[in-house]
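Hi,

Here is the structure I promised to pass on. Have a look at it first, and then read my notes below.

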Amino acid sequence: MSQAVILNQFGNPTDVLKCGSREDREPGPGEVSVRMLASPVNPSDLLVVRGQYGVLPELPAVPGLEGVGVVEATGGGLRGWSMRGRRVAVINPRGGAWAERQVVSANQVIPLSSKLSLEQAATFFVNPATACILVRHVLRIPKEAWLIQTAAASTLGRMIIRLGRHWGFKTLNIVRRQEQVAELQALGADVVLVQPRLEGMDAAPHLLAELVQACRQHTDGALYALDAVGGPLGSALVQCLRPGGRLVVYGTLSNLPLSIPPRDLMMCGGRVEGFWLGQWMSQQSLWFKLRLVRQLTRLILDGTLGVEAFRHYSLAEVRTAVAAAEEPGRVGKILFRM
């Protein structure tokens, strides 16, 4: 028996999550049993709990899409045996990381450098990989080019700012609070604009018009934009682009749809694309994934993709932890320590 966070029904995380005991199972062929050490609370995890993520588990389930642990047992197979006793990142689109132990396919664990701290190892993949892939492999932003991004004060948004400083592209960053401006400028943000939360699809048009005008003035029209919010704010980004620009949507923080007038797309001749890390990675070769792991390790160790701060909780404190993860203006990551 081991402890795990149990999800019996979808809903508000502070209402539906609890810590309980469950039977451990032995790994089957091609599987490994991992003793988990730590796992973060990512926005995607909370979407799963609410029943709003793209892939949902059968209930009851254990949430947690990523974490770090030690391989304790294998069900056979060359890859499994080579992992035994090693510290690994665990990436499981079906969840399961908020537990003392989990059994996964040997293909879902990645050996990690011993130079990575426990916190760096626990948060190795979801945010760092998304940030790196979006700017380097999807948009391929060249030096001196402008990137506009929403949710810039999030963990991932801060990583993108540091990637801009590292690789030489410029960032215009949209945040919700004035106190976040100086924080992001200290990280290397070129421009930070404050846009208070826009409620509903009938948000005041003059506020969006002012934001679009400011974006155009600072960038002279950008070719690249990233949106994690959706709704009227994400929709307005199309008007900030130069002809041929691209908007990539990777999040739904407002839980509101995009509403883009056809003429806006016609005038900028732009593209609006969606990005989902799991689907994108499933289309990549093993060679690319190995190179990506090495690249992420270097960028985490040099601080470019590091997380600034952590708050640690036990599995038994799950409701306190998920409430902390949704605090407005929170900086850093919420981390379960097993």
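Let's begin with a pocket. Strand 4 (66-74) and strand 6 (101-105) each supply at least two residues to the lining of the second largest pocket. The biggest share comes from strand 6, which gives three residues. Keep in mind as you read on that this is a predicted model.

How much space is in that pocket? The second largest pocket has a volume of about 520 Å³. Its lining is made up of 22 residues, and the closest to the pocket centre are Arg 22, Arg 25, Arg 101, Gln 102 and Val 103. If you sort the lining of this pocket by class, you get eight nonpolar, five polar and nine charged residues.

Next, the closed spaces. Searching the whole structure turns up two cavities of 30 Å³ or more. The largest cavity has a volume of about 60 Å³, and the second largest cavity holds about 30 Å³ of space.

Which residues would you click on to see the walls of the largest cavity? They are Leu 7, Val 48, Val 55, Pro 57, Ala 61, Val 62, Pro 63, Leu 65, Pro 93, Arg 94 and Gly 95. By class, that makes nine nonpolar, one polar and one charged. For the second largest cavity, pick Gln 120, Thr 123, Pro 128, Ile 300, Leu 305, Gly 306 and Val 307. This lining has four nonpolar and three polar residues, with no charged ones.

Now for the rings. The structure has four aromatic pairs. One of them is formed by Phe 275 and Trp 280, a tilted pair with 6.2 Å from centre to centre and 50° between the planes. Are these two residues buried or exposed? Both Phe 275 and Trp 280 are buried. Add Phe 288 to your view as well, since ring pairs link Phe 275, Trp 280 and Phe 288 into a cluster. While you are looking at rings, find Trp 167 too: Arg 136 lies over its face, at 4.2 Å from the ring centre.

On to the cysteines. How many disulfides are there? The count is zero. Cys 215 is in no disulfide, and its nearest cysteine sulfur is that of Cys 240, 3.8 Å away. Seen from the other side, Cys 240 is in no disulfide either, with the sulfur of Cys 215 at 3.8 Å. In case the term is new to you: a disulfide is a covalent bond between the sulfur atoms of two cysteines. The cut-off used here is 2.5 Å between the sulfur atoms, so a pair at 3.8 Å does not count as one. As for where these cysteines sit, Cys 215 counts as buried because its relative accessibility is 0%. Cys 240 is buried as well, with a relative accessible area of 2%.

One last residue to try: Arg 298, which sits in helix 12 (residues 286-301). Is Arg 298 buried or exposed? Its relative accessibility is 52%, so Arg 298 counts as exposed; the cut-off for that is over 50%. Then measure across to Leu 116 in your viewer. Arg 298 and Leu 116 are 182 residues apart in sequence, but their C-alpha atoms are 9.8 Å apart in space.

That's the tour. Shout if you get stuck finding anything!

Cheers

Notes:
Residues numbered from 1 in each chain as written. Predicted model: local features only at pLDDT ≥ 70, side-chain atom pairs only at ≥ 80, totals over all residues. Heavy atoms only, no water. 1 Å grid on protein atoms, 1.4 Å probe; cavity = no way out; pocket = protein on both sides within 12 Å on 5 of 7 lines; lining within 4 Å. Points joined across faces, edges and corners; volume = space filled by probe spheres on them. Helix = DSSP H or I, 4+ residues; strand = E, 2+ residues; numbered from the N terminus. Nonpolar A, V, L, I, M, F, W, Y, C, P; charged D, E, K, R; others polar. Phe/Tyr/Trp six-rings, centres within 6.5 Å; stacked < 30°, edge-to-face > 60°. Buried < 20%, exposed > 50% of the residue type's maximum accessible area, 1.4 Å probe, protein only. Lys NZ or Arg CZ within 6 Å of the ring centre and 35° of its normal.
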